[in-house]
Amino acid sequence: MPQDLYETLGLTSDATPDEIKRAYRKLARQYHPDTNPDDPEAAERFKEIASAYEILSDPNRKARYDQFGEAGSSSGMPGPFGDFTDLFSSFFGGTQRTASTGPNVERGEDLEVELTLDFEEAIFGTETEVTVRTAVACEPCEATGAAVGTKPVSCSRCDGIGQIREMRRSILGQMLTQTICPNCNGSGLEIPNPCKECNGEGREIKNISIPIEVQAGVADGNTLRLSDRGAIGRRGGYYGDLYIHLQVEEHPIIERQGDHLLHRLHIPMTQAALGVDLEYETLDSREKISVQPGTQSGHVFRLKGKGVPRLNGRGRGDFVVEIIVDTPTDLTPEQEDILREYAEKRNEGVSSNQKRTWGRR
Ligand SMILES: [Zn+2]
Ligand SMILES: [Zn+2]
């Protein structure tokens with residue numbers, strides 16, 4: 001009876017979400033009970049198709065199916081009250097799919113870690129990994145929580161539905177109440193022989209490393225969210241998410257201002273006064289900067305598109321070079337004489353010879 005869900009949809013296990021969706025649409029139309037009245041075989045086939053799609057279209061359940069096969073996804077299968085026509089109508093333009101009323105599958109905890117990147121890793125992106133202490137599927141029992149060679153069975157109290165429905169009389173008439181089954185906590189399953197490795201939890205705590213691809217352009221204080229990379233829920237439950245809080249180290253001379261980078265470039269006053277052509281290196285390119293004669297401190301060169309890549313993929317910010325003109329503080333006696341002569345020629349009054357008290361280290 002257990003059949004490969006991908007085969008059911010005429011696919012192989014490397015099918016993309018898009019291919020899964022297309023295959024389902026096509027087959028569901030073909031076998032829908034409305035188009036095949038009084039054909040029990042078609043109805044049966046339709047159920048299989050819908051059931052396969054229900055699992056493969058849900059990233060969480062698909063992941064569990066890919067990992068554990070039928071056992072992994074079975075507790076999430078629609079119970080006896082599962083209604084495939086609901087799924088069908090929602091797919092073909094009906095209302096949003098409502099939450100399943102089937103058994104409750106536990107979602108694992110979300111995890112949080114901090115990751116420190118250096119300045120350039122944040123700007124250009126990087127591949128790295130983080131180590132987390134997390135719950136992973138117990139291998140011997142394949143996350144079922146049942147001892148090897150045994151299987152979880154349907155909960156005797158709720159018949160595997162995970163919920164208990166009761167008719168109650170009230171002054172308003174009969175009311176149907178629905179509560180989570182206390183015997184199985186809503187999972188619909190009972191484990192007569194718990195796995196010894198995990199005490200029936202179906203998961204174990206381990207340190208694992210998770211590869212992380214950091215996108216270019218992230219910044220200090222950003223948080224990345226990796227869906228389904230958190231802890232696995234008990235007994236083949238869903239995975240929680242992993243949140244990665246980024247810290248970015250500062251650069252010794254370049255300052256980041258959003259998408260722009262700022263470098264305050266110091267040049268001596270002679271270059272500012274007489275001009276100079278500079279070979280300038282940004283973080284990833286070589287540029288020519290032509291400092292004109294008479295350039296003042298605060299003059300800005302804006303290198304368009306040489307800054308930080310934008311996270312939305314639309315280009316890059318700018319690399320801004322701000323010129324700071326340095327006054328020399330280490331004149332030799334000879335250089336001082338030249339400057340004094342220069343000042344005299346320009347009628348610029350300066351302090352009298354102070355006997356070179358400057359210039360000492
Ligand atoms: Zn186990
Ligand atoms: Zn139960």
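This briefing covers the zinc site and the aromatic contacts of the structure shown above. The model is predicted. Four cysteine sulfur atoms serve as the protein donors of the zinc ion (ligand 2), and the structure also holds 2 aromatic pairs.

**Zinc site**
- The zinc ion (ligand 2) has as its protein donors the SG atoms of Cys155, Cys158, Cys181 and Cys184, at 2.2 to 2.3 Å.
- The site of this ion is tetrahedral, with angles of 104 to 117° among its 4 donor atoms.
- Along the chain, the donors of the zinc ion (ligand 2) follow the spacing C-x2-C-x22-C-x2-C.
- Cys155 lies in the loop between strand E3 (153-154) and strand E4 (163-170), and Cys181 in the loop between strand E5 (173-180) and strand E6 (189-190), so the pair ties together parts that are 26 residues apart in sequence.
- Cys155 counts as buried because its relative accessibility is 1%.
- Cys181 is buried as well, with a relative accessible area of 0%.

**Aromatic pairs**
- Tyr24 and Tyr53 form a stacked pair, with 4.1 Å centre to centre and 10° between the planes.
- This pair links distant parts of the chain, 29 residues apart: Tyr24 belongs to helix H2 (residues 17-31) and Tyr53 to helix H3 (residues 40-56).
- Both Tyr24 and Tyr53 are buried.
- Tyr280 and Phe319 form an edge-to-face pair, with 5.8 Å centre to centre and 70° between the planes.
- Here the link joins distant parts of the chain, 39 residues apart, with Tyr280 in strand E12 (residues 276-281) and Phe319 in strand E15 (residues 319-326).
- Tyr280 and Phe319 are both buried.

**Charge over a ring**
- The charged end of Arg45 sits over the ring of Tyr31, 5.0 Å from its centre.

Terms used
Residues numbered from 1 in each chain as written. Chains lettered and ligands numbered in written order. Predicted model: local features only at pLDDT ≥ 70, side-chain atom pairs only at ≥ 80, totals over all residues. Heavy atoms only, no water. Phe/Tyr/Trp six-rings, centres within 6.5 Å; stacked < 30°, edge-to-face > 60°. Helix = DSSP H or I, 4+ residues; strand = E, 2+ residues; numbered from the N terminus. Buried < 20%, exposed > 50% of the residue type's maximum accessible area, 1.4 Å probe, protein only. Lys NZ or Arg CZ within 6 Å of the ring centre and 35° of its normal. Donors = N, O, S within 2.8 Å, 3.2 Å for Na, K, Ca; no water. Tetrahedral: all angles 85-135°; square planar, octahedral: opposite > 155°, others 65-115°.
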